[in-house]
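I opened a structure today and kept short notes. Here is what I looked up.

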Amino acid sequence: MNQEARRPLAVAIMGPTASGKTAAALAIAERIPSEIISVDSALVYRGMDIGTAKPTREERAAVPHHLIDILDPLDAYSVAQFRNDTLRLVADIAARGKLPLLVGGTMLYFKGLADGLDDLPGADPAVRAELEEEAARLGWPALHARLATLDAETAARLNPNDAQRIGRALEIIRLSGKPMSALLARREKETLPFELMSFALEPNDRAVLHERIARRFDIMLEDDALIDEVEVLRRRGDLHPGLPSMRCVGYRQVWEYLDGRIGYKDMRETGIIATRQLAKRQLTWLRAMPDRIVIDCLAPDATGQILARLPALQG
């Protein structure tokens, strides 16, 4: 018990997109000396600021932020890299006498951090090539539908066009004969070197969250800000829509618009719809996290509710 008491505290602020996670974290940091660790698979990329709703320079100057702008969009960032980086950062921040705030909506990162790394079969180029060929013929939504019959739990968390994760889930089934969800459930949970208190900002009215999502996407499109940002990325010449960075919500739709495949109105509508679908998947992940403390993100005192829970644990 004494050893348990000596473990530093870290606080996770999770939630779907547009639930106010960044604002809550910054408000907490005003009351408690803190540093923020981004738990967002899009914020790691440099040059992707508008479509990711990246914290502003002023916000990042007010509170130290980590795991933002650490990669070129051509590169990939794994759950294993995130976990290793976060374990190091939490120790460093706690040693500085500050509260580590883990803030974001990439639930796979949170799960990988809390549960440890998986023992899944490694990649098989031959199987991957077969799946890519099938996807070229049938489309990724068809492979997503197949995954739903084989591993409904994993499929429910994935976008029907998420080629990387759908391919990986089907690859695991072919190599192991078991669904990924079953293999992950079987592994032993690792004990973190710190106490993780998890808050989930979840809306009590999904329609209000949808309105927030639409309003935020429209703000990104104002003065062609997001379109200009994607155009700069396209002009590099080494990026393409198949990269994890360019598959981020908003970027994929604007890329299609700039390619002339869809019009402006369709780009806006599909961008908003894709963001709502992302929020739905994030909420599905959250419901599978029984240890979270649910806070209504639409409540005016949401941050206050989080703060009210912290002193007793820090004391």
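My entries cover strands, one helix contact and salt bridges.

This is a predicted model: local features need pLDDT of at least 70, side-chain atom pairs count only at pLDDT 80 or more, and totals for chains, interfaces and linings use all residues. Residues are numbered from 1 along each chain as its sequence is written, and side-chain values use heavy atoms, with hydrogens and water left out.

**Strands.** I looked at β5, residues 195-202 (strands are DSSP runs of E, at least two residues; helices are runs of H or I, at least four; both are numbered from the N terminus). Of its 8 residues, 6 are buried (under 20% relative accessible area; exposed is over 50%, partly exposed in between; 1.4 Å probe, protein chains only). β1 (residues 9-14) runs parallel to β5, joined by 6 bridges (pairing needs at least two DSSP bridges). β6 (residues 293-296) also pairs with β5 in the parallel sense, over 4 bridges. I followed Phe 199: its partner in β1 is Ile 13, and its partner in β6 is Ile 293.

**Salt bridges.** I found 23 in the whole structure (a side-chain nitrogen of Lys or Arg within 4 Å of a carboxyl oxygen of Asp or Glu). Glu 35 meets Arg 96 at 2.9 Å, N to O. Glu 35 lies in β2 and Arg 96 in the loop between α4 and β4, so the pair ties together parts 61 residues apart in sequence. Glu 35 is buried at 3%; Arg 96 is partly exposed at 46%.

Asp 259 pairs with Arg 234 at 2.5 Å. They sit 25 residues apart. I also noted a network linking Asp 49, Lys 54, Arg 60 and Asp 69.

**Helices.** The axes of α6 (residues 125-138) and α7 (residues 140-150) come within 7 Å and cross at roughly 115° (lines fitted to C-alpha atoms over the stretch in contact; angles run from 0 to 180 degrees between N-to-C directions).
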